[in-house]
Amino acid sequence: MSVELPDVASLTRISDGYGLQIDSSDMQIYEAAAGGLLQSWNRVEELYTEIAPVQPVRQWETPAAAANANNAWYVTSEIRESMQGSLAGRRIAVKDNTAVAGIPMMNGSRTLEGFVPAEDATVVRRLLDAGAVIAGKATCEDLCFSGGSHTSKPHAVRNPWDHNRSAAGSSSGSAVLVATGEVDMAVGGDQGGSVRMPAAWCGVVGHKPTFGLVPYTGAFPIEQSIDHLGPIARTVTDTALMLSVMAGVDGKDPRQPTSIEAVDYVAALQESADGLSVGVVVEGFGRGNSDSGSDEVVRRAIEELRTAGLQTEDVSIPWHLDGTAVWDVIATEGATWQMVDGNGYGMNWKGRYDPELIAYYGAQSRRDASQFSETVKLVTLAGRHAIDTEYGRHYAMARNLEAHLAAAYDEALQRYDVLVMPTMPLLPTLLPADGAPIDEVLGRGLEMIGNTCPFDVTGHPACTVPAGMSEGLPVGLMIIGRRFDDATVLRVAKAFETAVGGFPTLEMTRSIA
């Protein structure tokens with residue numbers, strides 16, 4: 001497939017768009033020069049064809065509505081390549097922003113519908129090598145840009161504890177499938193809280209690893225500096241087991257350091273958490289939209305940690321309340337530049353790209369940008385306005401402020417082994433009705449990220465565990481640790497799980513009721 005060569009008219013349109021003021025008499029010279037230069041594009045395509053991955057044949061199906069009551073499945077499969085390994089026989093759902101070769105990948109959006117990747121994401125390959133069964137692709141929010149579960153196409157994902165309520169996003173289907181027991185574990189993605197928020201509202205465990213611990217290779221990017229993949233499971237032990245498989249350098253993702261010490265996170269759970277110090281971040285409570293009942297459940301959970309032998313103490317980190325503003329600028333301008341204008345992957349970084357996905361999404365999103373969700377439209381409008389009028393200077397400011405935000409948490413983490421706070425300020429909200437006003441759709445998508453999103457900017461590991469129930473709905477406790485000390489975060493999570501005698505499951509709660 002040869003690159004389409006430009007003619008004078010197309011080059012003139014480009015010149016006018018940039019204001020280059022090229023004289024029409026010179027344009028034919030540029031036409032010839034550009035045509036010659038673009039021959040390298042054809043040669044690169046010839047070379048790439050020789051090494052491009054070949055799409056495997058794998059079986060999949062679209063589940064019947066009756067078998068997908070919560071709309072949590074995009075497609076189902078039964079992929080198993082090894083009978084041995086630490087995950088042998090364990091059934092895992094993969095968030096539909098993460099490539100499973102030969103299986104459709106929609107990323108919750110009409111703008112990617114119909115795409116089938118040719119290569120497994122690194123985490124999928126590692127899960128398969130460890131004996132896991134890939135049970136299918138879990139529904140996610142439209143391009144993963146929503147904290148609510150109402151933007152996914154073709155249907156909203158329903159909270160299994162109350163079908164009228166949000167499961168949270170963007171890893172909505174992943175958390176629901178774990179909560180209902182349809183799978184043992186699931187892959188989630190987290191740019192603003194999207195592993196932890198649905199895990200909290202669905203009553204399961206969700207761990208956002210340290211930035212760079214788990215390779216993002218093969219997952220659809222939003223903004224390179226905040227992209228994370230992480231495990232969702234019912235228990236801390238299963239979460240640690242899955243993280244042990246997923247973690248480690250793959251040599252293809254510039255988000256990662258050049259080397260990472262291997263850690264057996266399951267073995268680390270055997271070390272007692274007795275005596276560990278816990279800083280209770282007061283700014284995580286009593287926010288403007290906090291639910292007092294939810295806050296109280298988390299306070300009681302912290303008392304359980306104290307009873308279990310951990311030392312707890314309130315700590316103030318004023319920077320925490322400004323973390324959302326820093327995230328807003330990075331995520332909005334960054335996603336506009338990379339995810340919208342840059343066709344997902346953007347440019348200017350060394351690593352593994354997916355040329356077919358870039359071309360498919362780029363063509364489809366430009367053919368009909370009206371298919372973007374309301375939240376993506378908001379990001380595009382605000383982000384492009386800021387870039388066009390301020391030229392990215394606020395993005396640069398936010399990037400420079402990142403060090404100050406991270407330092408505020410690091411200073412507290414010099415005094416405490418972990419920090420804790422509510423994962424979400426709110427209880428699960430009602431799903432917007434079809435045709436709901438745009439302000440309601442936007443509000444339900446972004447109102448709950450205040451406690452989670454700062455740690456996507458700073459990269460600190462953060463795990464949510466079920467803290468208890470309020471008004472019959474799950475509440476999450478978030479545990480934050482030092483970067484690349486995910487093991488201590490999980491040790492504290494395990495200590496809490498043990499202290500409360502295990503986490504309640506949907507089946508247990510309903511059988512008691």
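## Exercises on a predicted model

A search of the whole structure, which is a predicted model, turns up 33 salt bridges. Let's work through some of its features together.

**Exercise 1.** Find which parts of the chain the salt bridge between R91 and E78 ties together.

*Solution.* Start with the pair itself: the side chains of R91 and E78 meet in a salt bridge, at 2.8 Å from N to O. Next, place each residue. R91 belongs to strand β3 (residues 91-95), while E78 belongs to strand β2 (residues 73-79), so the bridge links parts that lie 13 residues apart in sequence.

**Exercise 2.** Work out which strands stand at the edges of the open sheet.

*Solution.* First write down the order of the 12 strands: β1-β2-β4-β3-β7-β9-β8-β13-β14-β12-β10-β11, with mixed pairing. Then look at the ends. β1 (60-61) and β11 each have a single partner strand, so one side of each is left without a neighbour in the sheet.

Now see what covers the sheet. Helix α9 packs on it and touches β10, β11, β12 (418-422), β13 (462-470) and β14 (473-480). The direction of α9 makes about 110° with that of β13.

**Exercise 3.** Describe how β10 is joined to β11, and give the handedness of the unit they make with α9.

*Solution.* Strand β10 (residues 277-281) and strand β11 (residues 311-315) run parallel and are joined by five bridges. To follow the register, take two positions: V278 stands opposite T312 in β11, and V281 stands opposite V315 in β11. Finally, add the helix: β10, α9 and β11 form a β-α-β unit that is right-handed.

**Exercise 4.** Classify the packing of α9 with α16, and sort the contact residues by class.

*Solution.* Begin with the geometry: helix α9 (residues 292-307) packs with helix α16 (residues 486-499) at an angle of about 95°, their axes 9 Å apart. Angles of 65 to 115 degrees count as roughly perpendicular, so α9 is roughly perpendicular to α16. Then list the contact: A301, E304 and L305 come from α9, and V492, F496 and A499 from α16. By class, this gives five nonpolar, no polar and one charged residues.

**Exercise 5.** Do likewise for α12 and α14.

*Solution.* Helix α12 (residues 374-390) meets helix α14 (residues 438-446) at an angle of about 90°, with 9 Å between the axes. The two helices are therefore roughly perpendicular to each other. E374, T375 and L378 of α12 make the contact with I438, V441, L442 and L446 of α14. These residues divide into five nonpolar, one polar and one charged.

Notes:
Residues are numbered from 1 along each chain as its sequence is written. This is a predicted model: local features need pLDDT of at least 70, side-chain atom pairs count only at pLDDT 80 or more; totals for chains, interfaces and linings use all residues. Side-chain values use heavy atoms; hydrogens and water are left out. Axes are lines fitted to C-alpha atoms, for helices over the stretch in contact, and angles run from 0 to 180 degrees between N-to-C directions. Helices (H or I, at least four residues) and strands (E, at least two) are DSSP runs, numbered from the N terminus. Angles under 35 degrees count as roughly parallel, over 145 as roughly antiparallel, 65 to 115 as roughly perpendicular and the rest as oblique. Contact means heavy atoms within 4.5 Å. Ala, Val, Leu, Ile, Met, Phe, Trp, Tyr, Cys and Pro count as nonpolar, Asp, Glu, Lys and Arg as charged, and the others, Gly among them, as polar. Two strands pair if DSSP finds at least two bridges between them. A crossover is right-handed if, with the strands pointing away from the viewer, the path from the first strand over the helix to the second runs clockwise. A salt bridge is a side-chain nitrogen of Lys or Arg within 4 Å of a carboxyl oxygen of Asp or Glu.
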